[in-house]
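Let's take a walk through this fold, from the overall layout down to a few individual side chains. Have the viewer open as you read.

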Amino acid sequence: MKRLATTLLGIVLIAAFACAKVNVPKNDKVLRPTAKVTKTTIIDFTASWCAPCLRFAPAFEKAAKNLSGQLNFIKVDIDRFPKTAKAFGVKAVPTIYFLYPGGGSFFMEGTDAVMFDGEDTETFTHFLREHCLGGRGDE
């Protein structure tokens, strides 16, 4: 029993570490489109019931793991944080929103965001390297 508990704890810690690169807002009042960021910040507006969101999730997680420290990654569940979704004008999920240092933003919603299917986790990472890091980034 003790060995099983230790194994389960290890699995939980590994899972928590693997997801540690993606931040989640603490409440529905913090994150807004006017937020000042020091690094390009990629926000994944998602929902637990959204099949395209679930397909995109592995690509977002992989990009966050690969580009940690170079870009910020935030995941926002629109059902948990409806005021945040409304503030960003989210009308469809998934919506991927980009906030840039010094101001400015860009977003892709619905079918535009789905082009980064989770089965090919490298495509989204490559897109971010090209469009957010100017082709730089750890390979």
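A good place to land is C132: its relative accessibility is 16%, so C132 counts as buried, given that the cut-off for that label is under 20%. Keep in mind that this is a predicted model. Mean pLDDT for the protein comes to 82, with 78% of its residues at 70 or more.

That confidence isn't spread evenly, so to speak, and the two extremes are easy to find. Strand 2 (residues 72–77) has the highest mean pLDDT among the elements, at 97, while helix 1 (residues 2–18) has the lowest, at 38. Over residues 2–20 the pLDDT stays under 50, and for that stretch the model has 1 contact beyond four places in sequence.

Now the layout. There are 5 helices and 4 strands, and reading from the N terminus the order is α-β-α-β-α-β-β-α-α. The chain has 139 residues, of which 37% count as buried. If you like contact maps, here's a handy figure: among contacts with a separation of 6 or more, 73% are between residues 24 or more positions apart.

Next, the inside. As a rule, nonpolar side chains in soluble globular proteins tend to be buried together. Here the largest nonpolar core has 19 residues, and I42, L71, F73, I96, F98, F124 and L128 are the ones with the most contacts inside it. Helix 2 (51–66), strand 3 (95–99) and helix 5 (121–132) each give two or more residues to this core, and helix 2 gives the most, with 5. Click on F73 to see one of those well-connected residues: leaving out residues up to four places away in sequence, F73 touches K21, V22, N23, I42, F60, A63, A64, L67 and L128. Apart from that core lies another, of 17 residues, which includes L31, C53, I74 and V93.

Helix 2 deserves a slower look. Its 16 residues reach 24 Å from first C-alpha to last, close to the 22 Å expected at 1.5 Å a residue. Where does helix 2 bend? The bend is at A57, by about 35°, and a proline, P58, follows within four residues. The buried residues of helix 2 include C53, F56, A59, F60, A63 and A64.

C53 leads us to the disulfide. The model has 1 disulfide, and it joins C50 to C53 with an S to S distance of 2.4 Å. Which hand does the disulfide of C50 and C53 have? The torsion about the S-S bond is about 75°, so this disulfide is right-handed. Both of its cysteines, C50 and C53, are buried.

Last stop: F116, found in the loop between helix 4 (111–114) and helix 5. Is F116 buried or exposed? Its relative accessibility is 3%, so F116 counts as buried. Leaving out residues up to four places away in sequence, F116 touches F56, A59, I96, M108, T123, F124 and F127. Two of these, F56 and A59, are among the buried residues of helix 2. For one more look across the chain, pick the C-alpha atoms of F116 and P58: they are separated by 9.8 Å, with the two positions 58 residues apart along the chain.

Conventions: Residues are numbered from 1 along each chain as its sequence is written. This is a predicted model: local features need pLDDT of at least 70, side-chain atom pairs count only at pLDDT 80 or more; totals for chains, interfaces and linings use all residues. Side-chain values use heavy atoms; hydrogens and water are left out. A disulfide is a pair of cysteine sulfur atoms within 2.5 Å. Buried means under 20% relative accessible area, exposed over 50%, partly exposed in between (1.4 Å probe, protein chains only). A nonpolar core is a set of buried Ala, Val, Leu, Ile, Met, Phe, Trp, Tyr and Cys residues joined through side-chain atoms within 4.5 Å. Contact means heavy atoms within 4.5 Å. The expected span of a helix is 1.5 Å times one less than its number of residues. The bend at a residue is the angle between axes fitted to the seven residues ending there and the seven starting there. pLDDT is the predictor's confidence in each residue, from 0 to 100.
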